[in-house]
Amino acid sequence: MATKDLRYFDLPQAERLPDGHPRRGMSVVAALSEWLIHTNRRLNGSWTQRYEHGVPVTDLEQVGCDGTTGTCVRFLPNRSLRSPCSSTTRDLARWSEHWPELTVRLKDQRDDVERSAP
């Protein structure tokens with residue numbers, strides 16, 4: 001997460017995302033976030049790691065199995081990247097329809113934006 005995804009970075013033929021931008025990897029999200037928590041749940045084990053400004057601040061930590069699989073990424077965009085405009089539920093639904101397997105959950109915490117994630 002904290003390094004360039006070399007499968008896609010700087011490749012002219014990189015897969016394009018629905019917004020037309022080339023795929024770069026999650027490391028970009030980590031680098032442009034005040035904090036980011038990445039959790040992978042697999043059948044053979046689950047792990048999580050916290051990043052601040054793209055740098056890991058915890059070791060890879062094993063988390064208990066909850067019977068699910070998948071990836072969860074929670075993050076707070078850097079203050080300089082936050083828009084004064086609000087995204088709506090309709091915006092998120094439109095963006096996520098390109099990935100039918102993706103589940104998007106929005107929890108509006110704009111009043112708590114200065115608070116760090118647990």
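In the predicted model, Arg-50 is classed as buried, its relative accessibility being 14%. This value falls under the 20% limit that applies to buried residues. The side chain of Arg-50 nevertheless takes part in a salt bridge, with Glu-52 as its partner, and the closest N and O atoms of this pair are 3.1 Å apart. Glu-52 itself is partly exposed, with 34% relative accessible area. The contact thus joins a buried residue, Arg-50, to a partly exposed one, Glu-52.

In total, 2 salt bridges are counted in the model. Besides the pair formed by Glu-52 and Arg-50, a salt bridge links the side chains of Arg-41 and Asp-66, with an N to O distance of 3.4 Å. Arg-41 belongs to strand E1, which spans residues 33-42, whereas Asp-66 is located in the loop that runs between strand E4 (61-63) and strand E5 (70-77); the pair therefore ties together parts lying 25 residues apart in sequence. Asp-66 is partly exposed, and its relative accessible area amounts to 46%.

With regard to cysteine pairing, the count of disulfides is 0. A disulfide would require two cysteine sulfur atoms within 2.5 Å. The solvent accessibility of two cysteines was also computed. Cys-65 is exposed, at 66% relative accessibility, a value over the 50% limit for that class. Cys-72, by contrast, is partly exposed, with a relative accessible area of 39%.

How values were computed
Residues numbered from 1 in each chain as written. Predicted model: local features only at pLDDT ≥ 70, side-chain atom pairs only at ≥ 80, totals over all residues. Heavy atoms only, no water. Buried < 20%, exposed > 50% of the residue type's maximum accessible area, 1.4 Å probe, protein only. Salt bridge = Lys/Arg side-chain N within 4 Å of Asp/Glu carboxyl O. Helix = DSSP H or I, 4+ residues; strand = E, 2+ residues; numbered from the N terminus.
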